[in-house]
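Student: I am new to this structure. Could you take me through one part slowly, and then show what surrounds that part?

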Amino acid sequence: ASGRVFRSRSNALAANELPAIVLRAGNEAVDNSQRTISVRNFDVELEIVVRGEPADRLADPVIAAASAAILADQSLGNTVYRVVESSIGAPELADGNGTTGLVRVTYTATYATRINDNTTPVWCMG
């Protein structure tokens with residue numbers, strides 16, 4: 001995507017901005033079954049936006065480069081227990097005339113916090 005990475009972009013992308021990656025925060029599932037900690041799984045979704053057909057083939061090199069960068073350090077500098085790729089969606093048309101498509105890739109970061117303080121990660125896994 002050559003530096004065309006956007007966070008929560010809501011405006012349409014211009015043809016000269018493609019391919020691009022749009023990052024979106026996803027859901028966070030919290031497991032409070034432990035006595036003193038909450039195990040958290042936080043999803044981050046990448047929308048790989050491409051121009052042309054077939055969208056999945058055009059998105060493949062962008063997905064591969066993004067995955068290599070994200071998964072190079074699965075602990076993100078020891079800020080989380082691990083990051084894994086959790087899903088890849090089917091290609092979708094992003095506009096009515098079919099010239100822009102997107103593929104969604106979701107990564108899940110697992111970490112833990114104290115059950116009564118969700119702002120400070122704790123190391124209890126692994």
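Tutor: What follows starts with a network of salt bridges, then turns to some single residues and to the backbone. Keep in mind that this is a predicted model.

Start with the count. The structure holds five salt bridges. Some of their residues join up: Arg 24, Glu 45, Glu 47, Glu 92 and Arg 104 are linked in a network. Let us walk through the pairs.

Take Arg 24 and Glu 47. Their side chains meet in a salt bridge, at 3.2 Å from N to O. Arg 24 lies in strand E2, while Glu 47 lies in strand E3, which covers residues 37–51. The two residues are 23 apart in sequence, so this pair ties together separate parts of the chain. How far is each partner exposed? Arg 24 has 28% relative accessibility and counts as partly exposed. Glu 47 is buried, because its relative accessible area is 7%, and the cut-off for buried is under 20%.

Now go to Arg 104. One of its partners is Glu 45, with the closest N and O atoms 3.4 Å apart. Arg 104 sits in strand E6 and Glu 45 in strand E3, so this salt bridge ties together parts that are 59 residues apart in sequence. Arg 104 is partly exposed, at 25% relative accessible area. Glu 45 is also given as partly exposed, at 22%.

Arg 104 forms a salt bridge with Glu 92 too. Here the closest N and O atoms are 2.5 Å apart. This pair links distant parts of the chain, from Arg 104 in strand E6 to Glu 92 in strand E5, twelve residues apart. Strand E5 covers residues 92–93. Glu 92 is partly exposed, with a relative accessible area of 36%.

Stay with strand E6 for a moment. The strand runs over residues 100–114, and Thr 108 is in it. Is Thr 108 buried or exposed? Thr 108 is buried, because its relative accessibility is 12%. The Thr 108 side chain makes a polar contact with the side chain of Asp 43, at 2.6 Å. Beyond its neighbours within four places in sequence, Thr 108 is in contact with several residues, including Asn 41, Phe 42 and Asp 43. Its contacts also include Arg 82, Val 83, Val 84 and Ser 86.

Next comes the helix. Helix H1 spans residues 55–71, and Ser 67 is found there. Ser 67 counts as buried, at 13% relative accessibility. Which side chain does the side chain of Ser 67 meet in a polar contact? The partner is the side chain of Glu 85, at 3.3 Å. Leaving out neighbours within four places in sequence, Ser 67 is in contact with Ala 72, Glu 85 and Tyr 107.

Now look at the backbone. Most peptide bonds are trans, and most residues other than glycine have a negative phi. Some places here depart from that pattern.

One is the peptide bond from Leu 18 to Pro 19, which is cis, with omega near 0°. Pro 19 is in the loop between strand E1 (5–7) and strand E2 (20–31). Its relative accessible area is 27%, so Pro 19 is partly exposed. What does Pro 19 touch, apart from residues up to four places away in sequence? Pro 19 touches Ala 1, Arg 4, Val 49, Val 50 and Val 62. Measure along the chain and through space, and Pro 19 and Val 5 are 14 residues apart in sequence and 9.3 Å apart from C-alpha to C-alpha.

A further cis peptide bond runs from Glu 53 to Pro 54, with omega near -10°. Pro 54 is found in the loop between E3 and H1.

Then there is phi. Leu 76 has a positive value, near 50°, and is not a glycine. Leu 76 is in the loop between H1 and strand E4 (82–88). Leu 76 is partly exposed, at 42% relative accessible area. Asn 78 has a positive phi as well, about 65°, and is not a glycine either. Asn 78 is found in the loop between H1 and E4. Asn 78 counts as exposed, because its relative accessibility is 57% and the cut-off for exposed is over 50%.

To come back to the starting point: Arg 24, Glu 45, Glu 47, Glu 92 and Arg 104 form the linked network of salt bridges.

How values were computed
Residues numbered from 1 in each chain as written. Predicted model: local features only at pLDDT ≥ 70, side-chain atom pairs only at ≥ 80, totals over all residues. Heavy atoms only, no water. Helix = DSSP H or I, 4+ residues; strand = E, 2+ residues; numbered from the N terminus. Buried < 20%, exposed > 50% of the residue type's maximum accessible area, 1.4 Å probe, protein only. Polar contact = N/O pair within 3.5 Å; in protein donor to acceptor, adjacent residues only side chain to side chain. Contact = heavy atoms within 4.5 Å. Salt bridge = Lys/Arg side-chain N within 4 Å of Asp/Glu carboxyl O.
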